[in-house]
Amino acid sequence: MERETWDQDLLEDLCQVMADASICGLGQAAPNPIRLVMKHFGDEI
């Protein structure tokens, strides 16, 4: 995430794996900030 540009496909895959593999709500919600940044500021990353 410190790179100039993000590999959005890879990040979305990681977010999906985190949400699917977690058995608690906190783990399932952990990828939400990254997903929202990609959704609302996709042209800036």
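These are my notebook entries on a predicted model of one protein chain.

**Entry 1: the whole chain**

I began with the overall picture. I found three helices and zero strands in the protein chain, and from the N terminus on I read the order as α-α-α. I then looked up the extent of the C-alpha atoms, which fill a box of roughly 30 × 15 × 15 Å along the principal axes. The chain has 45 residues, and 20% of them count as buried. I also noted the exposed surface, which comes to about 3,700 Å², with 57% of it supplied by carbon and sulfur atoms.

**Entry 2: the segment before α1**

Next I went to Glu-2, which I found in the segment before α1 (8-21). Is Glu-2 buried or exposed? Its relative accessible area is 84%, so I wrote it down as exposed, the cut-off being over 50%. I also checked Glu-2 against Asp-20, which is 18 residues away along the chain. Their C-alpha atoms are separated by 25 Å.

**Entry 3: helix α1**

I turned to α1 itself. This helix has 14 residues and reaches 20 Å from its first C-alpha to its last, close to the 20 Å expected at 1.5 Å a residue. Which residues of α1 are buried? I listed Leu-11, Cys-15 and Ala-19. They lie on the same side of α1, because they cover an arc of only 70° around the axis. I reminded myself that an α-helix has 3.6 residues a turn, so residues three or four places apart point the same way.

I looked at the other face too. Turned away from the buried side of α1 are the exposed residues Asp-9, Val-17, Asp-20 and Ala-21. Asp-20, my partner for Glu-2 in the distance check, is thus back on the page as one of the exposed residues of that face. As for what covers the buried residues of α1, I noted that the cover includes α2 and α3 (32-40).

**Entry 4: α1 against α3**

I followed up on α3. How far apart are the axes of α1 and α3? I have them at 10 Å, with the two helices packing at an angle of about 145°. Their crossing is left-handed. On the α1 side the contact is made by Gln-8, Leu-11, Glu-12, Cys-15 and Gln-16, and on the α3 side by Ile-34, Arg-35 and Met-38. I was pleased to meet Leu-11 and Cys-15 here, since both were already on my list of buried residues of α1.

**Entry 5: the loop after α1**

I stopped at Ser-22, which sits in the loop between α1 and α2 (25-29). With a relative accessible area of 15%, Ser-22 is buried, because the cut-off is under 20%. Not counting residues up to four places away in sequence, Ser-22 touches Gly-27 and Gln-28.

**Entry 6: a residue in α3**

My last stop was Val-37, placed in helix α3. Val-37 has a relative accessible area of 29%, so I recorded it as partly exposed. What does Val-37 touch, leaving out residues up to four places away in sequence? I noted Trp-6, Gly-42 and Ile-45.

Technical notes:
Residues are numbered from 1 along each chain as its sequence is written. This is a predicted model: local features need pLDDT of at least 70, side-chain atom pairs count only at pLDDT 80 or more; totals for chains, interfaces and linings use all residues. Side-chain values use heavy atoms; hydrogens and water are left out. Helices (H or I, at least four residues) and strands (E, at least two) are DSSP runs, numbered from the N terminus. Buried means under 20% relative accessible area, exposed over 50%, partly exposed in between (1.4 Å probe, protein chains only). Accessible areas come from the Shrake-Rupley method with a 1.4 Å probe; for residues, only the protein chains shown count as cover. Contact means heavy atoms within 4.5 Å. The expected span of a helix is 1.5 Å times one less than its number of residues. The arc is that of the directions from the helix axis to the C-beta atoms. Axes are lines fitted to C-alpha atoms, for helices over the stretch in contact, and angles run from 0 to 180 degrees between N-to-C directions. A crossing is left-handed if the near helix is turned anticlockwise from the far one by less than a right angle, and right-handed if clockwise.
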